[in-house]
Amino acid sequence: TGTRIRGAAPAGANLLTLDREEIDALGRSSVQDVIQTLPQNFAGSQNEATQEGTLNARSNFTFGSSVDLRGLGADATLTLVNGRRLAAAGNGNYVDISTIPLSAVQRVEVLADGASATYGADAVGGVVNIILNRNFDGAETGFRYGGTTQGGGEDLGFSQLFGFDWQGGQLTAGY
């Protein structure tokens, strides 16, 4: 993430990596929630929490969530999955990260510096590469419940991950 030049040290900012242990330690239930913990991400862009009475409410009718590094707009942050670009979602030019199950994520790599020289104009704010777990064999169930001590706020999360590995390939499915 951040350079396409093989064998050369990437110039610019350091790569921030959240591995599976760090993601689990955050106690979040979605990829969107994990990305919101990063100080480099601007939380006021395309996400389901910014729907009411904003410009996003008119353009984000699918309630999608995006990454917006440095507050330059979701279309200025390149979001990759396993190093590959995804198609834009909704009525705009952003990748909907709410469609990626957190249980299937192995790590998240963030290059919070502009990388437009490497990736093009959609990487002016930076690059986020979500690496999925491709070699999972077995089943894993996760459940998370959180609430406030005075009532009024609750958070509920459930995840399921299945993986099968055989001589000719593998299959991983997550929810």
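Here is a short talk between a visitor and a guide about salt bridges and exposure in this predicted model.

Guide: Welcome! Residues are numbered from 1 along each chain as its sequence is written. In this predicted model, local features need pLDDT of at least 70 and side-chain atom pairs count only at pLDDT 80 or more, while totals for chains, interfaces and linings use all residues, and side-chain values use heavy atoms, leaving out hydrogens and water.

Visitor: What makes Arg20 and Asp24 a salt bridge?

Guide: A salt bridge is a side-chain nitrogen of Lys or Arg within 4 Å of a carboxyl oxygen of Asp or Glu. The closest N and O atoms of Arg20 and Asp24 are 2.9 Å apart, so the pair fits that rule. Both residues sit in helix α1, four residues apart, about one turn of the helix.

Visitor: Why is Glu109 called buried?

Guide: Buried means under 20% relative accessible area, exposed means over 50%, and partly exposed lies in between, using a 1.4 Å probe and protein chains only. Glu109 has 10%, so Glu109 is buried.

Visitor: And why does Arg107 count as partly exposed?

Guide: Its relative accessible area is 26%, so Arg107 falls in the class between the two cut-offs. The side chains of Arg107 and Glu109 meet in a salt bridge, at 3.0 Å from N to O.

Visitor: How do you know that Arg85 and Asp122 form a salt bridge?

Guide: Their closest N and O atoms are 2.5 Å apart, so they meet the same 4 Å rule. Arg85 is partly exposed at 41%, and Asp122 is partly exposed at 23%.

Technical notes: Helices (H or I, at least four residues) and strands (E, at least two) are DSSP runs, numbered from the N terminus.
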